[in-house]
Number of protein chains: 2
Amino acid sequence: MYGLPVPLENPPGSAFLLAAVGAHAAARFAERVAALDLTPPQVGLLGLIAASPGQSQQQVAQVLGMPPSRLVGLVDALADRGLVERRRNPDDRRLHALHITEAGRAVLDEIGAVGRAHDDALCRSLDADERETLRALLSRIAADQGLRPGVHPGYRSV
Amino acid sequence: MYGLPVPLENPPGSAFLLAAVGAHAAARFAERVAALDLTPPQVGLLGLIAASPGQSQQQVAQVLGMPPSRLVGLVDALADRGLVERRRNPDDRRLHALHITEAGRAVLDEIGAVGRAHDDALCRSLDADERETLRALLSRIAADQGLRPGVHPGYRSV
DNA sequence: CCAGAACGATTACAACTCTGAACGATTATC
DNA sequence: GATAATCGTTCAGAGTTGTAATCGTTCTGG
């Protein structure tokens, strides 16, 4: 989706600050995972498959809020690199159950380190208490706004 | 840029929460301004022209961090609706100085109301003190991360 | 048991946006 | 006065995303 270049007022409201800092955080994270030859959607998909393995692509697509046709390319990229595998469900051979591989789990560990470094770099101007305060406030907003915990709303539709 | 669908860990770090809530805020704001037949980039451009009129398109493009060729279409859309006008600089007739019109200022007022409503809706679960705390923390991060105050980093390049 | 509808995954196609180079017009430099 | 540089614009190419058609599989009703 689009970004908002400039604020409407001075000082900028919380919503504008949130969008700006959030976009910055996303961009920096994208830079970091690019060093692992991954895009943020691939990272998110890998994490979701690891968190709840065996789901069908349609289920995953609905959770992420993206059209199933788009998931195909993402899964292809991860499967070609051996990080994920599609297993046909013997009971219903239409479904492709998604599972993470050992290599995928190893990459996920690297991603975890990258994520922690990213988090530290972003919040380096805040002390531990302030970080916790920020997390609490953001979590409250997320819950109030109906964001499913842990799912990034960067994919519209649904 | 991309969004990150799912977090790497539980509980999600501040960076992930920021990206998620920020994307949500941007998406909701886009919905609101769509009712005015505007896109967020158009809104940002209109606000910037109002805040510092008379600038050339190249200057504006550099401030927003987007290629000048992209600005053309944005300015066209606003100029076609009479919200903005290009004035040739008599001293240097290569430059198109951008100015906001009366109609543009009226639309900007509507945008301001939309923005305040958006802000209130987003932060409705926070009281006044908490909103101020959130704004202070986000401002600190933005300053530390080198975000020019008031400019949304949603346009890479530069 | 069989024909047709329903469903999951994939592919194909079209619409859209963005980027980068090329182009006329104008101005600065030597 | 000729050449280079600048500004705005245009154009073509690449990349991305959503919709619709396709293929194999499974469910449903007679």
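In this predicted model, the surface near DNA strand C draws its largest share, four residues, from α4(A). Two or more residues are also contributed to that surface by α3 (57–64) of chain A and by α4 (68–80) of chain B. Of the 20 residues around DNA strand C, those that come nearest are A:S56, A:Q58, A:S69, B:S69 and B:R93.

On the surface near DNA strand D, α4(B) gives the most, with four residues, while α4 of chain A and α3 (57–64) of chain B are the other elements that give two or more. Here the nearest of the 20 surrounding residues are A:R93, B:S56, B:Q57, B:Q58 and B:S69.

The make-up of each surface by residue class is set out below.

| Surface | Nonpolar | Polar | Charged |
|---|---|---|---|
| near DNA strand C | six residues | seven residues | seven residues |
| near DNA strand D | six residues | seven residues | seven residues |

Turning from the DNA to the protein interior, the largest nonpolar core holds 81 residues, and the members that touch the most others are A:V21, A:L46, B:A19, B:V21 and B:L46. Nonpolar side chains in soluble globular proteins tend to be buried together. For one of these core residues, B:L46, the contacts can be followed individually: once its neighbours within four places in sequence are left aside, B:L46 is in contact with B:L78, B:L83 and B:V84, and also with B:I100, B:G104 and B:L108.

Key
Residues numbered from 1 in each chain as written. Chains lettered and ligands numbered in written order. Predicted model: local features only at pLDDT ≥ 70, side-chain atom pairs only at ≥ 80, totals over all residues. Core = buried A, V, L, I, M, F, W, Y, C linked by C-beta atoms within 7 Å. Buried ≥ 20, exposed ≤ 12 C-beta atoms within 10 Å, placed from the backbone. Contact = placed C-beta atoms within 7 Å. Near = placed C-beta within 6 Å. Nonpolar A, V, L, I, M, F, W, Y, C, P; charged D, E, K, R; others polar.
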